[in-house]
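Subject: Structure for you to look through

Dear colleague,

I am passing on the structure we spoke about, and below it I have written down what was found, going slowly so that you can follow each point on the model. Please keep it open beside this message while you read.

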Amino acid sequence: MQRRPTIYDVAEAAGVSASTVSRAFARPGRVNADTAAHIFEVAKQLGYRTSALPGVTTARTRTLALVVTDITNPFYAEIIRGAHEAAGELGYTILLSHTQEDAQLEREWTERELSGVDGVLLTSSRMSDSAIRMMAKQKPLIVLNRALPEVPSLLVDNARGVRRALEHVGELGHRSVLYLAGPETSWTDGTRWQALREAAHELQVRVRRIDPHAPPTLRAGQAVAEQVARHEATAVIAYNDVLAIGLMHGLRALGVRVPEDLSVVGFDDTLLAEIVQPQLTTVAAPLHALGTAGVRNLVAMVRGAVPSREPRVLPIRLVVRGSTAQRRRNSTSPARGTTKTSGSASAAATSIDAGSR
């Protein structure tokens, strides 16, 4: 008969000591969350059964709360899928909550769930810092897409993402760019806008901000199309793919062509980015990995691991498709009624609109 793997087998395969493996599984643990998550993954691959370890404290409910702000947004689909798969592998169940971009509803739902779950994963939370800190004192909690001192967090590299988007349209000759903003309560939106302003100053590109004053949906993107069309900008960087696609539909109705008259860039690289015509140039965020890593680190905390004090930042990449193109020389859009000059002709006069946030 094949012998069962032992704690020493797990330690050898994971590259840690047997005592570290023991601490990762037993409460209270004193193991870094990333290290613990690695140990649990190795143990699973080896078929190691935690019940073989004396003193192991099992979870009370083996249920995790996953809170998202808008379940209709495809941004969350991959995060949910990654979280669900990781939870299943670790023997946990996901309890999903949809809070409709409402901070008060999010707080009420999450507080209601605290007693019935072992940990909480907040995704793009709209709650106040103080509310999140209070919950983190009651149950193991991780926030995704938001950095908060004293609370474990996982982020995508927003600053690098918007810079790559701006570099891309700048290389295509666009010197005046609009940022189509996200929700006012979004930490991610504030981070991207700040990074965009800094990058614009360095790259000598003029950037301005348009606030839809609505949740970042297809309808919100369509609603600001006329305002965008009246602007002198030749490129738009949107808060997310959904806003960008809604904008493209609205522009088409106005006779503004993408990318001939206006280049459009989204953010997240959701499935819709490849379905829309033209296909959307976008900043690809590792959404599935974000959900997977969030659950694995949360389970590690539930089992006693000590989380890192520094946010974990996942890399991004720019995916160039058909919605961006070289700025055309002396071309006039019939819908916009303006003549666009070449990038070289306007480069000397570029600036950044510092706008308020």
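To begin in a loop, P259 sits between α11 (241-254) and β9 (263-268), and the peptide bond that joins V258 to P259 is cis, with omega at about 10 degrees. Please bear in mind throughout that this is a predicted model. A second cis peptide bond is found between Q277 and P278, where omega is about -10 degrees, and P278 belongs to the loop that runs between α12 (272-275) and β10 (281-284).

Strand β9, which follows the loop of P259, contains D268, and this residue deserves a look of its own, since its phi is near 120 degrees, a positive value in a residue other than glycine.

D268 also appears in the next topic, the empty space inside the model, being one of the residues that lie nearest the centre of the largest cavity. As background, empty space of this kind is revealed by rolling a probe the size of a water molecule over the atoms. The structure holds two cavities of 30 Å³ or more, and the largest has a volume of about 130 Å³. Its lining is made up of 17 residues, with F75, S124, R192, Y239 and D268 nearest the centre, while the elements that give two or more residues to this lining are α4 (75-89) and α8 (187-203). Sorted by class, the lining of the largest cavity has six nonpolar, seven polar and four charged residues.

The remaining points concern helices that pack against one another. In general, two packed helices are described by the angle between their axes and the distance between the axes.

How do α7 and α8 lie relative to each other, and at what angle do they cross? The axes of α7 (residues 158-171) and α8 come within 8 Å and cross at roughly 45 degrees, and the two helices are therefore oblique to each other, with α7 passing α8 in a right-handed crossing. On the α7 side, the contact is made by N158, A159, V162, R163, L166 and E167, and on the α8 side the residues include W187, T188, T191 and R192. R192 of α8 is thus found both in this contact and among the residues nearest the centre of the largest cavity. By class, the contact of α7 with α8 has nine nonpolar, three polar and four charged residues.

Helix α1 (residues 7-14) takes part in two packings, which are described one after the other. Its axis and that of α2 (residues 18-25) come within 8 Å and cross at roughly 105 degrees, which makes α1 roughly perpendicular to α2. Here I7, Y8, V10 and A11 of α1 meet A18, V21 and S22 of α2, and the residues of this contact divide into six nonpolar, one polar and no charged.

With α3 (residues 33-46), α1 packs at an angle of about 120 degrees, the axes being 9 Å apart, and α1 and α3 are therefore oblique to each other, in a crossing that is right-handed. The contact is made by D9, V10, A13 and A14 of α1, together with H38, I39, V42, A43 and L46 of α3, and these residues divide into seven nonpolar, one polar and one charged. V10 is worth finding on the model, as it takes part in the contact with α2 and also in the contact with α3.

With best wishes

Conventions
Residues numbered from 1 in each chain as written. Predicted model: local features only at pLDDT ≥ 70, side-chain atom pairs only at ≥ 80, totals over all residues. Heavy atoms only, no water. Axes fitted to C-alpha atoms, helices over the stretch in contact; angles between N-to-C directions. Helix = DSSP H or I, 4+ residues; strand = E, 2+ residues; numbered from the N terminus. Parallel < 35°, antiparallel > 145°, perpendicular 65-115°, else oblique. Left-handed = near helix turned anticlockwise from the far one by under 90°. Contact = heavy atoms within 4.5 Å. Nonpolar A, V, L, I, M, F, W, Y, C, P; charged D, E, K, R; others polar. 1 Å grid on protein atoms, 1.4 Å probe; cavity = no way out; pocket = protein on both sides within 12 Å on 5 of 7 lines; lining within 4 Å. Points joined across faces, edges and corners; volume = space filled by probe spheres on them.
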